[in-house]
Amino acid sequence: MGSVQTDQVTMTSSTASRSYLGSAKSVLLLAAGAFMLANMYLIFMWAPTEAVMGHVQRIMYIHVPMAWLAFLAFFIVFVGSIMYLWKRESRWDMLASSAAELGVVFTSLVLITGPIWGKPIWGIWWTWDARLTTTLVLWLIYVSYLMLRAYSSNRSQGALYSAVLGVIGFVDVPIVYFAVNWWRTQHQRLVIGTGSLEGSLNADMRTTLYFSLLAFTILFSFLLWQKISMKRTEEDLRSIRYSKELTRGARIER
Amino acid sequence: MIALITTPANNIPYLFAAYAVTWAIFFGYVFFTSRRQHELEQEVRLLRDTLERGRISEDPDASN
Amino acid sequence: MAQDTSGTLTDASLPRRSFLSGRGRLFLVGIVLLLALAYLIYAAFPGSTSYYFTVDELAAFDGEVEGRTFRVKGALVPDTFVREEGGTMATFALTAGDQTIPATYDGVVPDLFFNTHSEIILQGTFGVSETFQADTVSVLCPTKYQALEEVTT
């Protein structure tokens, strides 16, 4: 870290500490990769084949953890939005909007892997039951959250409106989760966690599912970190570009 | 219990498709995010250099 | 975590992509949100979202049946499935224990249709006879996930 002592520009010290964080981030990415490889081994080599559905049931090991992480992402949006509305600090907005983007990615994947599993087992790609419809609504809510930000002409206004949506939109998360218990659905009821039937998931399958959740959580943490640091860099750039010092001192070539 | 053994074996392509799509999207997402991050860091470096040069020379047009 | 610049979200930011006018965009987002919320409110009423009837419930149904689309859930009555010679039209019966409903379906049934543990959902209407004419046939997931070795040994 020899470069730090000679630097006079105020940006640099934070940039140097970030390069430390940058290597920590690389470690996290490596961990995510290693856990995912082990996860794939468990899913395809170790976990037993399901008796009725056969191999296609192995989709569960990505479908379910991605759904849980989407819920976690939207919970982070919820917390970040409340904190932004309260404190009006842009770091809470960065946290919430980063998590929202990841939540949309994960929900999209849930909505893609679901029908691919549904077609060979149910015989249909899609149906308008409570679980599937509320999940699609969840996706629409957070897509509009991102659209609201992208299309609002005023940044702070976009942050404010999306924070309100980030709080209200979270209402749908428990509805999606409990839909299979509250209503009659095409979708499988809960096999694990609160409200599930005892012994509805084979023990080895459960172990694999939990490991997969761990692996996806590490991946999620990396992605969230990456996204947040990107937003911080973007904001740094914006503030430098419009700082008085810069407009007086030099012209920027891009 | 005999009827349970009529497990459909022809659903492997669906299994493959689900994992292929998932990994393709994750790799794509990580790739584009990393590339954007890299671009941003380069811009920060450029700006810092420009700022430093501007300071040393004390000349508004130095960076040209 | 935050820089000194935190809290200052300036308007003079990066140039915006143009897609509809500012109000048009917000209007679009508003429509999507309204639709989403409308559905949530609709879904909050338990009576309105009875996804299917059981065979027994449908047999006991005393409302207007003609022209109405139903979903009915039941198990296949063993040995009732008959496909017409050289055709695609199949007839079979569903049961939920007490009652049985005869049904027809023109098309390919899902793989798990004949599994003795499968629960089947038909979507369709009653024709002129008492036969249920299914447009869509689907199979529910098993409620228990078991290993193949568990059940074969």
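## Exercises on helix packing and chain contacts

In this predicted model, H4(A) and H5(A) pass one another in a left-handed crossing.

**Exercise 1. Describe how H4(A) and H5(A) pack, and which classes of residue make up their contact.**

Solution. Start with the geometry: the axes of H4(A) and H5(A) come within 9 Å, and they cross at roughly 145 degrees. Next, turn to the residues that meet, where H4(A) contributes Ser97(A), Ala100(A), Glu101(A), Gly103(A), Val104(A), Thr107(A), Ser108(A), Val110(A) and Leu111(A). Facing them from H5(A) are Thr135(A), Leu136(A), Leu138(A), Trp139(A), Tyr142(A), Val143(A), Tyr145(A), Leu146(A) and Arg149(A). Finally, sorting the residues of this contact by class gives 11 nonpolar, 5 polar and 2 charged.

**Exercise 2. Decide whether H3(A) is parallel, antiparallel, perpendicular or oblique to H6(A), and list the residues through which the two helices meet.**

Solution. The first step is the angle, which is about 130 degrees for H3(A), residues 60-87, against H6(A), with the axes 8 Å apart. Roughly perpendicular ends at 115 degrees and roughly antiparallel begins over 145, so H3(A) is oblique to H6(A). The second step is the hand of the crossing of H3(A) and H6(A), which is left-handed. For the third step, look along H3(A), where Val77(A), Phe78(A), Gly80(A), Ser81(A), Ile82(A), Tyr84(A) and Leu85(A) meet Ala159(A), Ala163(A), Gly166(A) and Val167(A) of H6(A). By class, the residues of this contact comprise 8 nonpolar and 3 polar, with no charged residue among them.

**Exercise 3. Classify Gly158(A) and Gly67(C) as buried, partly exposed or exposed, and place each in its chain.**

Solution. Begin with Gly158(A), which lies in helix H6 of chain A. A buried residue needs 20 or more other C-beta atoms within 10 Å, and an exposed one has 12 or fewer; Gly158(A) has 19, so Gly158(A) is partly exposed. Beyond its neighbours within four places in sequence, Gly158(A) is in contact with Leu148(A), Arg149(A) and Ser152(A). As for a residue much further along the sequence, Glu235(A) is 77 residues away from Gly158(A), and the two C-alpha atoms are 15 Å apart in space.

Now take Gly67(C), which sits in the loop between helix H2 (55-59) and strand S2 (70-76) of chain C. Gly67(C) has 7 other C-beta atoms within 10 Å, and therefore counts as exposed. Between Gly67(C) and Leu28(C), which are 39 residues apart in sequence, the distance from C-alpha to C-alpha is 36 Å.

**Exercise 4. Set out the make-up of chain A and of chain C, and then state which part of chain A gives the most to the side that touches chain C.**

Solution. Chain A has 9 helices and 0 strands, whereas chain C has 3 helices and 7 strands. In sequence order, the elements of chain C run α-β-α-β-β-β-β-β-β-α. Of the 254 residues of chain A, 47% count as buried, and in chain C, with its 153 residues, the buried share is 21%. Among contacts with a separation of 6 or more, residues 24 or more positions apart account for 73% in chain A and for 44% in chain C.

With the chains described, the next step is where they meet: 53 residues of chain A are in contact with 49 residues of chain C. On the chain A side, helices H4 (90-122), H5 (130-151), H6 (155-168), H7 (172-182) and H8 (203-241) each supply at least two residues. H5(A) gives the most to this side, with 10 residues. Divided by class, the side of chain A that touches chain C has 22 nonpolar, 18 polar and 13 charged residues.

**Exercise 5. State where the confidence of the model is lowest and highest in chain A, and which residues of chains A and B have pLDDT under 50.**

Solution. Chain A has a mean pLDDT of 86, with 87% of its residues at 70 or more. Within chain A, confidence is lowest in helix H1 (residues 3-6), at a mean of 40, and highest in H3(A), at 96. Over residues 1-13 of chain A, pLDDT stays under 50, and the model has 11 contacts beyond four places in sequence for this stretch. For chain B, the mean pLDDT is 77, and 69% of its residues reach 70 or more. Residues 1-6 of chain B stay under 50, and the model has 9 contacts beyond four places in sequence for them. Where pLDDT is low, the predicted coordinates should not be read in detail.

Definitions and conventions. Residues numbered from 1 in each chain as written. Chains lettered and ligands numbered in written order. Predicted model: local features only at pLDDT ≥ 70, side-chain atom pairs only at ≥ 80, totals over all residues. pLDDT = per-residue confidence, 0-100. Contact = placed C-beta atoms within 7 Å. Helix = DSSP H or I, 4+ residues; strand = E, 2+ residues; numbered from the N terminus. Nonpolar A, V, L, I, M, F, W, Y, C, P; charged D, E, K, R; others polar. Axes fitted to C-alpha atoms, helices over the stretch in contact; angles between N-to-C directions. Parallel < 35°, antiparallel > 145°, perpendicular 65-115°, else oblique. Left-handed = near helix turned anticlockwise from the far one by under 90°.
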